[in-house]
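Got your viewer open and a free hand on the mouse? Let's take a walk through this one, stop by stop.

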Amino acid sequence: MKRHKNGREGLVDPVDHLEVTPPKQYAAGIPAVRKAIEYSLSQTSPRRTALTLLAINQPGGIDCPGCAWPDPAHAHKNEYCENGAKHINDEATSARVTREFFARHSIEELDGKSDWWLNQQGRLTEPMVKRPGATHYEPIAWAEAFDLIGRELNGLASPDESMFYVSGRLNNEAAFLLQTFVRAFGTNNLPDCSNMCHESSGSALGETLGIGKGSVQLDDIYQADLVLVVGQNPGTNHPRMLSALEETKDRGGRVVAVNTLPEAGLIRFKNPQKPRGVIGKGTAIADDFLLIRPGGDLALFKMVNKLLLEADDASLAAGGPGVLDRDYIATYATGFEEFAEQARDITWEQALEATGLTRAAIESLVEQVLAAKSVIVCWAMGLTQHKHGVPTIREIVNFLMLRGNIGKPGAGVCPVRGHSNVQGDRTMGIWERMPDPWLDALGKEFGFEPPRHHGVDSVEGVRAMRDGKAKVFVGVAGNFVRAMSDSDVTEAALRNCSLTVQVSTKLNRSHTVVGETALILPTLGRSDRDVQETGEQFVTVEDSMSAVHATRGKLPPASEHLLSEVAIISRMAAATLGPREDAPAIDWPAYERDYGLIRDHIAAVVPGFEEFNERIKEPKGFTLPNPVNSGVYRTATGRATFTGNHLEWLETPPGHLILQSLRSHDQWNTIPYAMDDRYRGIHNARRIVMVNPDDIAELGFADGDVVDIVSIWKDGVERRAPRFTLVAYPASRGSAAAYYPETNVLVPLDSVAEISNTPTSKGVLVRFERAAVPEA
Ligand SMILES: Nc1nc2c(c(=O)[nH]1)N[C@H]1C(S)=C(S)[C@@H](COP(=O)(O)OP(=O)(O)OC[C@H]3O[C@@H](n4cnc5c(=O)[nH]c(N)nc54)[C@H](O)[C@@H]3O)O[C@H]1N2
Ligand SMILES: Nc1nc2c(c(=O)[nH]1)N[C@H]1C(S)=C(S)[C@@H](COP(=O)(O)OP(=O)(O)OC[C@H]3O[C@@H](n4cnc5c(=O)[nH]c(N)nc54)[C@H](O)[C@@H]3O)O[C@H]1N2
Ligand code: SF4
Ligand SMILES: [Mo]
């Protein structure tokens with residue numbers, strides 16, 4: 001049998017001495033502030049720590065490089081969370097990776113190190129190359145590096161043999177320039193981290209509401225009567241969202257959490273920015289907590305919608321006005337009749353089996369919905385990374401539309417984005433499938449005909465490299481090899497390339513899993529000052545609620561040899577397209593001198609950015625128009641669209657559980673900062689798997705047993721993640737939770753969400769096998 005086993009021993013950290021304490025019943029407060037300062041000081045000096053922390057999320061300062069949660073209208077002096085402080089000081093670290101470091105360590109040796117170790121080595125300082133057949137990276141001059149890229153790209157049989165991956169930390173200016181270059185070169189191969197993240201949200205919202213983004217602002221969250229937080233762990237991943245939910249509660253609103261784990265931040269929150277929050281008991285956030293079976297959310301919302309339709313029938317039959325918003329449906333929506341017919345299909349038996357909830361819990365949710373004049377649904381990876389993530393989100397749109405909870409104050413859809421500029425990168429055209437009108441505008445602005453055939457997304461990109469159809473991989477930010485599913489397949493795919501290029505701030509696995517030739521192009525991070533020929537530059541980002549604002553680095557750059565992302569992209573473009581007579585005449589070097597020129601092009605191409613250079617002078621920037629809130633739906637029918645969604649949930653064969661791969665409190669995506677997951681009571685270990693004690697017993701194991709996690713998939717390949725310790729945890733029955741990226745080896749490449757093609761990182765069928773005792 002073919003076996004995939006990520007047994008790279010270096011991935012098991014030496015500090016693996018698990019200690020388990022009871023999960024926390026609250027998030028933040030004094031320990032959070034202390035932890036942030038401790039991590040910052042462990043990375044860098046008190047002066048650099050103070051500089052970064054004072055500038056974070058302040059007008060004129062550095063946008064937090066963490067998540068995409070928006071800044072409130074009146075920024076507090078300490079407008080950051082524990083994790084934001086960790087993210088920025090992980091970048092501001094004083095540690096450096098030098099040419100001597102690369103001379104000391106072979107690539108093979110580095111490949112044996114853990115993700116944590118690689119990151120701890122510090123900031124990259126100069127461009128490096130691995131030449132064909134070499135065992136080590138060696139220094140390379142910038143000009144030679146760009147020539148090499150240009151030669152390699154121009155030597156391809158077709159531009160489609162290259163792909164350019166973008167991670168959501170990239171700023172707007174660099175993203176826009178990159179996609180201009182890539183399309184002028186001749187391909188739409190622009191996969192991004194969104195493909196693995198909120199793609200299901202974009203697919204579902206684009207189809208139903210005509211916009212791939214959320215429709216609410218912070219004020220709406222404060223005003224809402226009811227906020228549902230579904231498949232999201234804000235205490236760790238969007239900590240300042242808890243301040244917003246605290247405000248909702250203070251104003252009399254209710255919060256209901258739907259999750260497979262009882263997450264601490266959703267239970268109770270101590271606001272570190274309020275004196276009473278730091279020491280007091282904190283605010284109880286969730287009024288109700290629905291501990292749902294993994295992948296049961298579609299069934300939950302289908303059942304809720306059926307109960308709303310029945311409540312409407314009952315009200316009408318009794319001569320009442322009904323409970324649906326008939327005005328909204330008649331004025332703005334289409335497809336209601338077909339939806340209503342299909343919505344009644346679900347039975348209680350199915351709903352209870354799929355959700356693992358009680359009938360009383362679901363009925364109580366419906367009562368709360370009926371009592372609320374305005375409802376918001378927030379969600380993240382707990383919904384998007386499932387096979388039926390798109391229909392689940394479509395069903396949430398149905399749910400909101402039924403009572404007119406779209407496009408009015410205190411109501412709407414709120415997909416909570418991950419990376420600080422992941423939404424902006426999409427707005428700037430980083431997508432393998434940008435629509436024609438957008439491409440028309442781009443082509444007109446720069447005088448070329450952009451390619452029209454769709455490019456590859458992340459999953460298709462791995463297939464293309466695996467099958468030899470793509471030969472050059474360029475990663476701008478991020479850590480593709482660890483972010484993607486099916487680690488062994490993805491690693492082999494990258495090793496199959498003739499050239500791999502990484503534009504990065506810090507060392508990671510994508511620098512050790514490489515093609516025949518490999519380049520590391522080190523770049524400025526958010527916190528670094530960016531001075532070019534025309535003076536100091538700033539760049540811009542867009543948050544989860546479509547607010548666009550500037551971010552300016554404050555620290556001296558990590559090394560004198562670094563180039564900004566804009567500079568790297570403009571030089572890559574010049575080296576590739578400069579020598580070609582068929583290329584459009586674009587003055588690439590000009591953009592490096594003055595980023596304002598890029599913003600002028602953005603203003604001409606991207607809707608909502610008119611007068612960009614003027615409007616960005618506002619200290620808080622500006623918010624992009626959201627047509628949904630003016631009753632405009634840019635869907636195929638011009639109306640908000642009800643959809644019929646076939647009921648699906650993940651059925652588990654006997655002896656199996658549904659594994660989700662998620663984030664600990666001490667990591668930024670593929671990069672662990674430390675071995676703790678404080679709110680969940682996990683200390684000094686990452687190779688753990690959290691399972692309900694009744695499931696552990698039923699499977700014949702005991703708390704603390706060491707097991708291999710084995711995933712099953714129809715291709716018959718055995719995927720195995722060795723040596724995880726079982727931790728008895730109050731998780732929902734039938735579920736298992738372990739950290740990413742260690743468990744990515746278990747997610748089959750072909751196991752993707754319907755329509756969005758997102759890897760099903762939250763829905764992998766697994767069984768446990770007692771781990772072999774390692775040889776002494
Ligand atoms: N500190 C920190 N912050 C981050 C990140 C980070 O790595 N570290 N990453 C950023 C990025 S890129 C992103 S996309 C976001 C991710 O933010 P989240 O989506 O909050 O991140 P995950 O850790 O993947 O957590 C998924 C949540 O969904 C729940 N869940 C899993 N399966 C189901 C299900 O079937 N149904 C329901 N209802 N719930 C389920 C899990 O228990 C967990 O609470 O965070 C961003 N912020
Ligand atoms: N199993 C599983 N897999 C998942 C997920 C999951 O929940 N489970 N989540 C998915 C999600 S939501 C996402 S968004 C992806 C994340 O995937 P990525 O965005 O690709 O990964 P990151 O870990 O954020 O990338 C970290 C690296 O980015 C580089 N970097 C940091 N800042 C900068 C910068 O300013 N400029 C440049 N050029 N480089 C920088 C550093 O070198 C660092 O090592 O992973 C996905 N994969
Ligand atoms: S909530 Fe997100 S954006 Fe805000 S400080 Fe924390 S990590 Fe940064
Ligand atoms: Mo993400």
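Here is a short route through the model, with something to select at each stop. Keep in mind that what you are looking at is a predicted model.

**Stop 1: the main core**

Start by selecting Phe176, Leu178, Phe181, Leu519 and Leu521. These are the residues with the most contacts inside the largest nonpolar core, which has 65 residues. Now add helix H8, residues 172-185: with nine residues, H8 gives the most to this core. In soluble globular proteins, nonpolar side chains tend to be buried together.

Stay here and zoom in on Phe181. What does Phe181 touch, not counting residues up to four places away in sequence? Show Leu153, Phe164, Met572, Ala573, Thr576, Leu577 and Trp588, and you have the answer.

**Stop 2: the other core**

Next, pick Val304, Ala372, Trp379 and Phe399. They are among the residues of a second core, which is separate and has 58 residues.

**Stop 3: ligand 3**

Click on ligand 3 and bring up its surroundings: Asn57, Cys64, Cys67, Tyr80, Cys81, Gly84, His87, Pro239 and Arg240. Colour that shell by character and you get five nonpolar residues, three polar and one charged. The space that ligand 3 takes up is the second largest cavity.

One of the residues around ligand 3, Asn57, leads us to a helix. Asn57 follows helix H2, and its phi is positive, near 60°. Select H2 itself, residues 46-55, and look for its buried residues: Arg48, Thr49, Thr52, Leu53 and Ala55.

**Stop 4: Ser106**

Move on to the loop between helix H4 (99-104) and helix H5 (107-111), where you will find Ser106. Is Ser106 buried or exposed? Its relative accessible area is 16%, so Ser106 counts as buried, the cut-off being under 20%. Leave out its neighbours within four places in sequence, and Ser106 is in contact with Thr135 and His136.

**Stop 5: Leu650**

For the last stop, go to the loop between strand E25 (640-641) and strand E26 (657-662), and select Leu650. Leu650 counts as buried because its relative accessibility is 16%, with the line drawn at under 20%. To see what surrounds it, show Arg293, Pro294, His386, His388, Ile658 and Gly763: Leu650 touches these, not counting residues up to four places away in sequence.

Before you close the session, draw a C-alpha to C-alpha distance from Leu650 back to Cys67. The two are 30 Å apart in space and 583 residues apart in sequence.

Definitions and conventions: Residues are numbered from 1 along each chain as its sequence is written. Chains are lettered from A and ligands numbered from 1 in the order in which they are written. This is a predicted model: local features need pLDDT of at least 70, side-chain atom pairs count only at pLDDT 80 or more; totals for chains, interfaces and linings use all residues. Side-chain values use heavy atoms; hydrogens and water are left out. A nonpolar core is a set of buried Ala, Val, Leu, Ile, Met, Phe, Trp, Tyr and Cys residues joined through side-chain atoms within 4.5 Å. Buried means under 20% relative accessible area, exposed over 50%, partly exposed in between (1.4 Å probe, protein chains only). Helices (H or I, at least four residues) and strands (E, at least two) are DSSP runs, numbered from the N terminus. Contact means heavy atoms within 4.5 Å. A residue is near a molecule or strand if one of its heavy atoms lies within 4 Å of it. On a 1 Å grid over the protein atoms alone, a cavity is a set of points where a 1.4 Å probe fits but cannot get out, and a pocket is an open set with protein on both sides within 12 Å along at least five of seven lines; lining residues have an atom within 4 Å of a point. A molecule sits in a cavity or pocket if more than half of its atoms lie within 2 Å of its grid points. Ala, Val, Leu, Ile, Met, Phe, Trp, Tyr, Cys and Pro count as nonpolar, Asp, Glu, Lys and Arg as charged, and the others, Gly among them, as polar.
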